[in-house]
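Hi everyone, thanks for making time. I'd like to walk you through one model today, so let's put it on the screen.

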Amino acid sequence: MAGQLTISRVEVLDIRFPTSLEAHGSDAMHTDPDYSCAYVVLHIAENPDLKGYGLTFTCGRGTEIVVQAVKTLRFLVEGQDCKKIWSDFSTFYRNLTSESQIRWVGPEKGVIQLATAAILNAIWDLWGRYENKPVWKLLVDLTPEQLVSTIDFRYIRDVISPEECIAMLKEKKDTASQREQELSQGKGYPAYTTSVGWLGYSDERILRLAKEQQALGLVSFKVKVGQNLEDDKRRLRLVRQAIGPNNKLMVDANQRWEVQESIDWVTSLKEFNLLWIEEPTSPDDILGHATIAKALKPLGIGVATGEMCQNRVIFKQLLQANAISFCQIDSCRVGGVNENLAIYFMAKKFGIPVCPHAGGVGLCGFVQHLQAWDYIQLSGSMENRMIEWVDHLHENFYSPPVVKDGHYLLPKDPGYNGQLKDESIATYEFPKGTYWSSVADEQVHPTMVCQ
């Protein structure tokens, strides 16, 4: 690694897409989301053509707060040599998340962790581009010791150690190349779709999308629930009839209910043969999730959560409490690739499959790398594992994820698939992009209210 790669500038933009106009992404708690992101670009002093692109997903109003958090953190990043970061990544992670004054508004949770994720995702993207490898391949090609050295084990050593993680990787090493070849040359990694089930969609649209998604090879479907029980039953009956009795069906309440309400509501839906209930209650309520999981286990319905879990500690406790049957990491909610790796290792130790949350802006592109790495090097299994697929906004990326015959195809381009197209930035940067400028005077869109 001769020669420095100095981060000269951390650029951050507020990008918002008006998805609420067609009810894309609508659920019981987020009825009118405008899918958005705080978009980070890392500039390198020694090579202006080499950049790193990262983001963290948001839902419209409030994105400006995350953008400001990135700006607050950037003094810890600018002037740093990427090669030194990569050689001692866990120390850089600790420094970024533990600055003595900034950590007071965290620590390692909320807006400051979303900003941390955007920066770290950009650093991993840059590393992949520098090595001319997609991030999944970069991860696979690291030695077990190198990969584990990227993780900050603070607060989780009571359940897992670096030595255990290294041993897990070595256990699967001899057969890893076979799984890599299988992903590269086979069908890819199984996907499931949420596109049929947004709460604001009409019945006609749900039925049309269910047919279209099945024609694309998808066999697992998720529906948003939680506002009205009888309406949920009607919509689930539509979807179950459309997909047949053998395809998988999941539901997602997006934290809508109290604990007992969750149990009663989902019990009322047992006729639809559900695989899981996702985010039934507050994402911080570990013991509440455990109570729900215990009550629903006799019905064969698992509990899934993770997309709004703030850090590895929450995941640790969910796993310790037997509170989840499916672990749903999010590429932008916790501290980027580094913290997600820690969560994967803990899930492996507790025997819980990881099914990443995706959709949003850029999430499908990111998590496909993590799940490919997990299959090749860590879990070695696709049993009860799949990646969420939401077919929105991918056209805004230079290297979008590809799903064919119900499977994610292994990404081939260098980096982490997070670079937005220049024309999309020019159109949707908030508030000065051409789209937002055109609606600002008329105040015809709710996102403009925050200005």
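Before I start pointing at things, one term: I'll say two strands pair if DSSP finds at least two bridges between them. And keep in mind that this is a predicted model.

With that in hand, look at β5, residues 220-224, and β6, residues 248-252: these two pair in the parallel sense, over 5 bridges. If you want one position to find by eye, valine 223 stands opposite valine 251 in β6. Now, what sort of unit do β5, helix α9 and β6 make? A right-handed β-α-β unit, with α9 spanning residues 229-243.

Let's stay on β5 for a moment. In a regular strand, side chains alternate between the two faces of the sheet. Here Ser220, Lys222 and Lys224 point one way, while Phe221 and Val223 point the other way. Are these side chains on buried or exposed residues? All are buried, the two lysines included. Put as a count, 5 of the 5 residues in β5 are buried, so the strand is mostly covered by the under 20% relative accessible area cut-off.

On to the annotation. The UniProt record, an unreviewed entry, has a domain called "Mandelate racemase/muconate lactonizing enzyme C-terminal" over residues 203-299. In the model, that stretch is 49% helix and 13% strand, and its end C-alpha atoms sit 28 Å apart.

Next, back to the start of the chain. There we have an open sheet of 3 strands in the order β1-β2-β3, with antiparallel pairing. Why do β1 and β3 each have one side without a neighbour in the sheet? Because β1 (7-16) and β3 (51-58) stand at the edges, and each has a single partner strand. Neighbouring strands in this sheet are turned by 20° against each other on average, ignoring direction. Between β2, residues 36-44, and β3 there are 8 bridges, and valine 40 has glycine 54 in β3 as its bridge partner. Then there's helix α1, residues 63-73, which packs on the sheet and touches β1, β2 and β3. The direction of α1 makes about 175° with that of β1.

Last stop: histidine 369, in helix α14, residues 363-378. Histidine 369 counts as buried because its relative accessibility is 0%. Its side chain reaches the backbone nitrogen of valine 135 at 3.4 Å. Leaving out residues up to four places away in sequence, histidine 369 touches Pro134, Val135, Trp136, Pro411, Gly415, Tyr416 and Asn417.

That's my tour, so over to you.

Technical notes:
Residues are numbered from 1 along each chain as its sequence is written. This is a predicted model: local features need pLDDT of at least 70, side-chain atom pairs count only at pLDDT 80 or more; totals for chains, interfaces and linings use all residues. Side-chain values use heavy atoms; hydrogens and water are left out. Helices (H or I, at least four residues) and strands (E, at least two) are DSSP runs, numbered from the N terminus. Axes are lines fitted to C-alpha atoms, for helices over the stretch in contact, and angles run from 0 to 180 degrees between N-to-C directions. Contact means heavy atoms within 4.5 Å. UniProt positions are given in the numbering used here, feature names are shortened, and annotations may be inferred rather than shown by experiment. Buried means under 20% relative accessible area, exposed over 50%, partly exposed in between (1.4 Å probe, protein chains only). A polar contact is a pair of N or O atoms within 3.5 Å; within protein, one must be able to donate a hydrogen and the other to accept it, and residues adjacent in sequence count only if both atoms are side-chain atoms. A crossover is right-handed if, with the strands pointing away from the viewer, the path from the first strand over the helix to the second runs clockwise.
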